[in-house]
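Here is a short report on one protein chain. Keep the sequence and the 3D view side by side as you read.

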Amino acid sequence: MFVTAVESRPAGAIGSSTGHRPFGARVMAFVALTKPRIIELLLITTVPVMFLAAGGVPDLGRVALTVIGGYLSAGGANALNMYIDRDIDALMHRTEQRPLVTGMVSPREALVFGITLSVVSTVWFAVLVNPLSAALSLTAILYYVFVYTIWLKRRTAQNIVWGGVAGCLQVFIGWSAVRNELAWAPFVLFLVLFFWTPPHYWPLSMKVKDDYERVGVPMLPVVAGNQVVARQIVIYSWVMVLVSLTLWWPLGATGWLYPVAAVVLGGFWLKEAHGLHARAKAGITGAKLKEMRLFHWSITYATLLFVVVAVDPFLR
């Protein structure tokens with residue numbers, strides 16, 4: 001078990017004073033608290049599942065309500081994550097410009113903002129979508145904040161493995177928003193994202209390993225060598241690709257397009273994963289390791305696979 005203790009730098013120490021925070025910059029700072037780029041990927045995995053659940057075009061009004069609720073939910077969780085991690089964010093190069101570190105937003109403002117978004121999103125889903133989606137959304141928030149951010153992140157190298165569950169729950173939210181129930185199809189996609197998350201994030205962790213090492217966060221690349229990390233990436237990648245195919249067989253939830261795309265996209269993924277492992281095994285380090293190639297491809301993979309999930313019902 002790893003326990004982290006870092007000397008925090010007070011929020012605002014490297015940013016503007018409270019008297020010199022332009023309104024426009026403040027608005028953008030609050031938007032930044034929601035981590036919009038991460039939310040974009042979450043919504044990419046939510047909306048296509050709604051098409052799959054509907055077997056075609058779902059009610060577009062319900063899609064809009066789910067997207068808005070999903071943004072509020074994930075945004076609230078992300079804001080609370082930044083509030084909790086503001087001490088280590090101030091010491092890591094990749095997070096040193098976050099709003100709480102620069103002082104553009106105060107810790108109290110971020111806490112109130114995160115709690116408000118979380119409450120509003122839960123009520124939004126309960127009133128405008130359905131109670132099941134509201135319960136799943138609230139579960140995702142609580143899991144991300146308490147299980148991942150507070151409990152796992154600073155204590156174990158398995159942090160991102162189990163912490164990723166919060167993001168995976170989005171497929172259940174998308175499905176339940178349409179059908180008001182759960183089923184095996186979203187469970188398979190949940191598992192695809194579950195096994196996708198570690199090999200998606202570990203390459204980035206390899207790139208910024210020094211940041212995590214500096215603050216004592218035990219991401220796998222910090223506590224294990226590149227070869228070990230790359231081998232784990234290969235294992236998770238194979239499981240992910242094989243699980244993705246079960247949506248077609250034996251489940252039979254898709255037509256012909258999905259399995260073709262899953263094989264082709266998965267093949268490219270495995271090529272990149274094995275290439276990274278080969279370079280790590282050969283002792284290659286630095287820029288020549290090319291770990292970010294897999295990170296960037298992982299985003300493309302998830303995007304294209306879920307686009308196919310949305311398109312496939314129209315070709316059956």
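Start with Asn81. Leaving aside residues up to four places away in sequence, Asn81 touches Lys35, Tyr144, Tyr148 and Thr149. One of these contacts can be described further: the side chains of Asn81 and Thr149 make a polar contact at 3.0 Å. Asn81 is found in helix α3, which covers residues 60-84. Is Asn81 buried or exposed? Its relative accessible area is 2%, so Asn81 counts as buried.

**How far to trust the model**

This is a predicted model. The mean pLDDT of the protein chain is 93. A pLDDT of 70 or more is reached by 94% of the residues. Residues 1-18 are a weak spot, with pLDDT under 50. The model has 37 contacts beyond four places in sequence for this stretch. Where pLDDT is low, the predicted coordinates should not be read in detail.

**A nonpolar patch**

Now look at the surface. Val57, Leu60, Trp256, Val260, Val264, Phe268, Val307, Val311, Phe314 and Leu315 form a nonpolar patch there. Together they have about 940 Å² of accessible area. Two elements give two or more residues each: α15 (257-281) and α16 (291-311). Which element gives the most to the patch? The answer is α15, with 3 residues. Phe314, another member of the patch, is found in the segment after α16. Phe314 has a relative accessibility of 45%, so it counts as partly exposed.

**Backbone exceptions**

Most residues other than glycine have a negative phi, and most peptide bonds are trans. Some places in this chain depart from that pattern. Asn180 is not a glycine, yet its phi is positive. Lys290 is not a glycine either, and its phi is also positive. The table sets out these two residues.

| Residue | Phi | Location | Relative accessibility |
|---|---|---|---|
| Asn180 | near 55° | loop between α10 (170-179) and α11 (184-207) | 47% |
| Lys290 | about 55° | loop between α15 and α16 | 42% |

With a relative accessibility of 47%, Asn180 counts as partly exposed. Lys290 is partly exposed at 42%.

There is a peptide bond to check too. The bond from Trp249 to Pro250 is cis, with omega near 15°. Where is Pro250? Pro250 lies in the loop between α14 (226-245) and α15. Trp256, further along the sequence, belongs to the nonpolar patch.

Note on methods:
Residues are numbered from 1 along each chain as its sequence is written. This is a predicted model: local features need pLDDT of at least 70, side-chain atom pairs count only at pLDDT 80 or more; totals for chains, interfaces and linings use all residues. Side-chain values use heavy atoms; hydrogens and water are left out. Patches are made of residues with over 30% relative accessible area and no salt bridge: like charges are joined within 9 Å, nonpolar side chains (Val, Leu, Ile, Met, Phe, Trp, Tyr) within 5 Å. Accessible areas come from the Shrake-Rupley method with a 1.4 Å probe; for residues, only the protein chains shown count as cover. A salt bridge is a side-chain nitrogen of Lys or Arg within 4 Å of a carboxyl oxygen of Asp or Glu. Helices (H or I, at least four residues) and strands (E, at least two) are DSSP runs, numbered from the N terminus. Buried means under 20% relative accessible area, exposed over 50%, partly exposed in between (1.4 Å probe, protein chains only). A polar contact is a pair of N or O atoms within 3.5 Å; within protein, one must be able to donate a hydrogen and the other to accept it, and residues adjacent in sequence count only if both atoms are side-chain atoms. Contact means heavy atoms within 4.5 Å. pLDDT is the predictor's confidence in each residue, from 0 to 100.
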